[in-house]
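Student: I would like a close look at one part of this model, the strand that closes the barrel's pairing order, with its surroundings described step by step. Please set it in the context of the whole chain as well.

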Amino acid sequence: MLFFKLINSSFKRNLKVYIPYLASMIMLVAINYIFKAVEINRSLKNLPSAAVTKALMQTGSTFIILVTLAFMIYVNRFLWQQRQREMGLYSMLGMTSRDLQVLTIIEKLYLLVISLFIGILFGVIFDRLAFLGFAHLLQIEHLSQPWVEWPAVTNTILIIGGFFLILMVIDLIKLFRLNPNELWQPKQAKIARHGKLFTFAGLLGVAALAYAYYLTITVKPRISALSTFMLAVFLVVIGTYLVFITGSIIVLKILQKNKRYYYRPRHFIAISGMLQRMEQNGASLATICLLCSSVLVILFTSLTMYAGINDTVNSFAPRDLTIITSQKLSSQQEATIKSVASKHQAHLDKPLTFTTSAPQYGYWKNNHFIIQGGLENMTNQTTNSIITMSTATYNRISGQKVKLGKDKALIYSPAKEHQGSLQVGSQKYQAKVLHNFNYYFNPSHSIYSPIFVITNNLPANAATINFTGIDYHLQGSKKEHLQFENDLQAKLHLPNQVYSSRTNLKSQLTSLYGGIVFLGILISFALGITTTVVIYFKQITEGYEDQARFRTMQQVGLSEKETTKSIHSQVLMVFMLPVVGAIINLCFAIPAIRQILIQFNFYNVQLMTIIAVSITLILLCLYFAIYGLTTRIYRKIVEQS
């Protein structure tokens with residue numbers, strides 16, 4: 001009974017620590033449950049995109065589990081520091097090591113039961129809302145979700161219970177190794193001495209960030225773009241920690257050595273205070289920066305892909321039905337199209353047909369396009385394909401009256417503009433940019449962005465392809481449109497590389513990208529919770545450290561107003577560093593993300609800019625709101641001095 005009284009008393013005294021911790025754990029438990037519930041939902045298994053959706057949910061669930069574990073380990077370290085002196089007091093009053101271990105076990109069981117019970121309850125409640133949002137993103141009707149997914153409840157209990165068991169073992173080992181004196185009076189941190197290795201680490205961090213940013217800016221839309229981006233992400237993580245832990249301290253020490261600058265009241269207080277804060281909180285600030293960066297990049301990528309679905313569909317299928325073949329459609333195939341349309345009561349518009357050269361794959365070297373051949377000849381250097389269209393064909397399908405001189409050309413290149421003196425293979429052109437081209441298409445649905453070259457004549461001896469585009473009108477549901485398009489493809493015996501249908505493509509991309517957005521939102525929410533708690537505990541830690549600093553500054557003659565202003569300005573300056581770093585990381589990530597999205601036939605830079613600015617402004621608003629809330633706790637602690 002005594003143990004329970006001590007635990008309850010400790011909880012009441014440390015509400016400002018336990019309430020945020022429990023609130024965060026409850027939300028993370030709820031998110032873990034939601035992922036598990038969606039992952040095992042039975043109605044999703046009947047969808048065409050079931051395999052992709054399940055893979056996305058499994059990936060998201062694994063990531064959230066890792067975030068939860070990292071969060072619990074971080075906060076447990078803080079809780080241990082808070083409880084260490086209290087444990088020492090109990091020891092001095094006669095409690096044995098075994099009693100302290102029992103006390104620790106009861107505390108962990110308290111936290112586990114509260115987190116699981118309320119967390120799963122919230123998970124069950126909000127799972128319905130999350131599932132409705134998921135179905136809306138996928139644009140799917142008639143999905144069912146039971147009130148409680150008991151396998152998801154069991155999985156969540158096992159995962160969270162296992163993590164608490166790990167933390168319990170860690171705390172018990174710490175108790176076993178410490179003696180009562182160390183519990184009562186924790187060892188004081190030694191003053192760090194920074195040698196050449198420390199300076200080297202700071203320079204290494206700057207170099208890692210610089211090289212990572214260089215990679216993101218120079219990456220090309222080729223098959224290795226994703227692996228290059230992942231390498232850049234790894235370097236940013238390493239570089240951010242090194243810069244925050246060592247680089248910032250090196251800069252402050254350089255300013256400190258400048259006597260004319262340092263020995264002024266304003267600079268002296270600011271630099272000395274900042275130096276101490278960065279030495280103590282560099283790793284926490286780097287963690288906050290990377291968490292904010294992750295939220296920005298995940299939301300930016302997922303929302304951009306989802307918002308750009310129509311642009312991607314248009315690039316694959318400029319008409320409702322698009323057929324790309326090496327030969328014109330036979331009379332039998334045309335009859336089949338009419339027969340299937342009649343069967344499904346679909347009214348067909350007049351088909352649009354034209355001929356272009358077959359795509360030639362290759363890469364740009366300055367203003368020279370090096371042709372490698374067909375798709376089977378692609379290499380790691382391959383970035384684009386070239387398709388040539390005659391002026392006569394272009395005028396016919398666009399309604400224009402373009403006239404080109406010899407060796408003149410128009411070039412439509414949505415990924416990157418090319419103009420002036422260009423050479424494609426052995427042919428030289430004086431090219432002008434074509435800003436709009438409604439019949440842009442991507443043969444074979446390859447990851448390489450096509451570039452259309454409009455000239456008077458097709459290249460001699462060039463292989464050709466035939467484009468057939470058909471719009472249709474069908475009174476019916478989305479399901480009936482899909483049935484017609486799929487039935488037509490089956491009757492024509494055409495593979496996906498040749499046959500593209502808008503409704504089908506949009507449905508598939510919506511299922512894929514909608515799942516990614518759902519994943520991104522939940523992951524961002526979990527990362528946001530983690531970021532908020534890291535900031536909160538950092539503010540509490542700094543509050544207790546600034547109590548002594550507050551007294552010292554007043555003892556040397558500074559007024560209370562000047563002292564408060566100085567400390568708060570330092571806190572705000574340090575607080576701003578992570579979010580500034582996160583915005584810089586996003587700015588440098590956007591070029592690489594754009595090159596990756598180009599491989600999905602997405603070219604809308606304006607849309608990307610709008611989304612990037614919007615989520616950055618939202619993050620800043622939330623970040624300052626968190627700062628305002630946590631600063632209140634900080635001020636109360638400091639003013640207790």
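Tutor: Helices (H or I, at least four residues) and strands (E, at least two) are taken here as DSSP runs, numbered from the N terminus. The model is predicted, with local features needing pLDDT of at least 70 and side-chain atom pairs pLDDT 80 or more, while totals for chains, interfaces and linings use all residues. Residues are numbered from 1 along each chain as its sequence is written, and side-chain values use heavy atoms, without hydrogens or water.

On that basis, the protein chain has 17 helices and 13 strands. Of its 641 residues, 50% are buried, where buried means under 20% relative accessible area, exposed over 50% and partly exposed in between, with a 1.4 Å probe and protein chains only. Among contacts (heavy atoms within 4.5 Å) with a separation of 6 or more, 81% join residues that are 24 or more positions apart.

The barrel is closed, and its seven strands follow the order β4-β5-β8-β9-β7-β10-β6 with mixed pairing; two strands pair if DSSP finds at least two bridges between them. From one strand to the next, the twist averages 40°, an angle between lines fitted to C-alpha atoms, for helices over the stretch in contact, on a scale from 0 to 180 degrees between N-to-C directions.

The strand to follow is β4, which spans residues 360-365. On one side, β4 pairs in the antiparallel sense with β5, residues 368-373, over five bridges, and within this pairing K365 faces H368 of β5. The hairpin that β4 and β5 form leaves two residues between the strands, and there N366 takes a positive phi near 60°.

β4 also pairs with β6, which covers residues 384-390; this pairing is again antiparallel and comprises three bridges. Here two positions can be located on the model: Q360 stands opposite I386 in β6, and G362 stands opposite N384 in that strand. Through β6 the description reaches a helix, since α13, residues 391-398, lies across both β6 and β10 (449-455) and runs at about 85° to β6.

The positive phi of N366 in the hairpin invites a look at further residues with this backbone setting. Q345, which is not a glycine, has a positive phi of about 60°, and it lies in the loop that links α12 (331-343) to β2 (347-348). With a relative accessible area of 68%, Q345 is exposed. N601 likewise is not a glycine and has a positive phi of about 60°, and its place is the loop between α16 (560-598) and α17 (605-639). N601, however, counts as buried, at 1% relative accessibility.

To gather the picture around the chosen strand, β4 is joined to β5 by five antiparallel bridges and to β6 by three, with N366 in the hairpin toward β5 and α13 lying across β6 and β10. When you inspect the model, K365 and H368 are the pair to find between β4 and β5, while Q360 with I386 and G362 with N384 mark the pairing of β4 with β6.
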